[in-house]
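Got your viewer open? Let's take a walk through this structure together, one selection at a time.

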Amino acid sequence: RRRALGDTLNYLGIRLQKTKRYDEASRTLDEARELRAQLADDFPDAAELQRGIANTLMNQGLVEWARG
């Protein structure tokens, strides 16, 4: 459930960025990153969880890039 919630928050952040709601996107992606990091800490051998964190960080960078 935590993984699904992290995925959902990540996708929501992407959608918010695409609709130029940058502050909301940033907060949502922060929440996704924190959740994904906690999950990766709980399961350190699961490489796909580390990839999820990297994906969220990339999306946070895209929000900042879109802001200018």
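Is D7 buried, partly exposed or exposed? Select D7 and check: D7 counts as partly exposed because its relative accessibility is 26% (buried means under 20% relative accessible area, exposed over 50%, and partly exposed in between, using a 1.4 Å probe and protein chains only).

Before you click further, some ground rules. What you see is a predicted model, where local features need pLDDT of at least 70 and side-chain atom pairs count only at pLDDT 80 or more, while totals for chains, interfaces and linings use all residues. Residues are numbered from 1 along each chain as its sequence is written, and side-chain values use heavy atoms, with hydrogens and water left out.

**Stop 1: from D7 to R36**

Keep D7 selected and add R36. Their side chains meet in a salt bridge, 2.6 Å from N to O (a salt bridge is a side-chain nitrogen of Lys or Arg within 4 Å of a carboxyl oxygen of Asp or Glu). This pair links distant parts of the chain: R36 sits in helix 2 and D7 in helix 1, 29 residues apart. Helices here are DSSP runs of H or I with at least four residues, numbered from the N terminus. Unlike its partner, R36 is buried, with a relative accessible area of 10%.

**Stop 2: more salt bridges**

How many salt bridges are there by this rule? The count comes to seven. Try E48 and R3 next, whose closest N and O atoms are 3.8 Å apart. Here too distant parts of the chain are linked, with E48 in helix 3, R3 in helix 1 and their positions 45 residues apart. E48 is partly exposed at 40% relative accessible area, and R3 is partly exposed at 42%.

Now pick R33 and D30. They form a salt bridge too, with the closest N and O atoms 3.4 Å apart. R33 and D30 are three residues apart in helix 2, so about one helical turn separates them. R33 is partly exposed at 26%, and D30 is partly exposed at 26% as well.

Finally, select D23, E64 and R67 together: these residues are linked in a network of salt bridges.

**Stop 3: helix 2 beside helix 3**

Colour residues 22-42 (helix 2) and residues 47-67 (helix 3). Their axes come within 9 Å and cross at roughly 165°. (Axes are lines fitted to C-alpha atoms, for helices over the stretch in contact, and angles run from 0 to 180 degrees between N-to-C directions.) That makes helix 2 roughly antiparallel to helix 3, a label used for angles over 145 degrees. What kinds of residues make up this contact? They divide into 12 nonpolar, seven polar and six charged. (Ala, Val, Leu, Ile, Met, Phe, Trp, Tyr, Cys and Pro count as nonpolar, Asp, Glu, Lys and Arg as charged, and the others, Gly among them, as polar.)

**Stop 4: S26 and Q17**

Click S26, in helix 2. S26 is buried, with a relative accessible area of 19%. Not counting residues up to four places away in sequence, S26 touches Q60, V63, E64 and R67 (contact means heavy atoms within 4.5 Å). Measure across to L62 if you like: the C-alpha atoms of S26 and L62 are separated by 9.9 Å, although the two are 36 residues apart along the chain.

Last selection: Q17, found in helix 1 (residues 2-18). Q17 counts as buried at 18% relative accessibility. Leaving aside neighbours within four places in sequence, Q17 is in contact with Y22, A25, L62, V63 and A66.

How values were computed. Helix = DSSP H or I, 4+ residues; strand = E, 2+ residues; numbered from the N terminus. Parallel < 35°, antiparallel > 145°, perpendicular 65-115°, else oblique.
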